[in-house]
Amino acid sequence: ITPEIYENYQKPLEVNNWDKALWELTRDSGREDITGELDQFQMPVLVITGDDDRIVPTAQSLKLAAAIPGSQLAVIPACGHVPQEECPQAFMDALLKFLDESIIK
């Protein structure tokens, strides 16, 4: 992790009541079940996960991708919950492949 990334993670901790806001976000995040609406997506969807994600188990990402018709799934090996930072090249490769196949024609 670079000093810049570390500094960016520290910034939110300087805001008053950051811990209360995080708690409320976490508490409220799972309240609404939208699984019955996933088949209504009308745009290309890419689900990216690391195969060592300890926050959102890879199995949940697989289930999410399966529930969204036509979605693409990228599982990045030896990567955790924040692949855009932990495995930036693999993340960009997956994203550019998705954009090339789905968006940019």
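Good morning. I shall begin with helix α3, residues 58-67, whose buried residues are T58, S61 and A65. They sit on the same side of α3, because the arc they cover around the axis is only 55 degrees. As a general point, an α-helix has 3.6 residues a turn, so residues three or four places apart point the same way. I should state at once that this is a predicted model.

On the other side of α3, the exposed residues are A59, K63 and A66. What, then, covers the buried residues of α3? The cover includes two strands, β1 (46-50) and β2 (72-76).

Let us consider one residue of strand β1, namely T49. Its relative accessibility is 2%, and T49 therefore counts as buried, the cut-off being under 20%. Setting aside neighbours within four places in sequence, T49 is in contact with V56, T58, S61, A74, V75 and I76. Of these contacts, T58 and S61 are among the buried residues of α3.

I turn now to the nonpolar core. Which residues make up the largest one? It has 5 residues: L38, V45, V47, A65 and I68. A65 also belongs to the buried residues of α3. I68, for its part, touches L38, F41 and V45, if residues up to four places away in sequence are not counted.

Finally, the surface. A nonpolar patch is formed there by L13, V15, W18, L22 and L25, which together have about 460 Å² of accessible area. Within this patch, W18 lies in helix α2, residues 18-29. Since its relative accessibility is 35%, W18 counts as partly exposed. Thank you.

Key
Residues numbered from 1 in each chain as written. Predicted model: local features only at pLDDT ≥ 70, side-chain atom pairs only at ≥ 80, totals over all residues. Heavy atoms only, no water. Core = buried A, V, L, I, M, F, W, Y, C linked by side-chain atoms within 4.5 Å. Buried < 20%, exposed > 50% of the residue type's maximum accessible area, 1.4 Å probe, protein only. Contact = heavy atoms within 4.5 Å. Helix = DSSP H or I, 4+ residues; strand = E, 2+ residues; numbered from the N terminus. Arc of directions from axis to C-beta. Patch = residues over 30% accessible without salt bridge, like charges linked within 9 Å, V, L, I, M, F, W, Y side chains within 5 Å. Areas by Shrake-Rupley, 256 points an atom, 1.4 Å probe, with all protein chains shown as cover. Salt bridge = Lys/Arg side-chain N within 4 Å of Asp/Glu carboxyl O.
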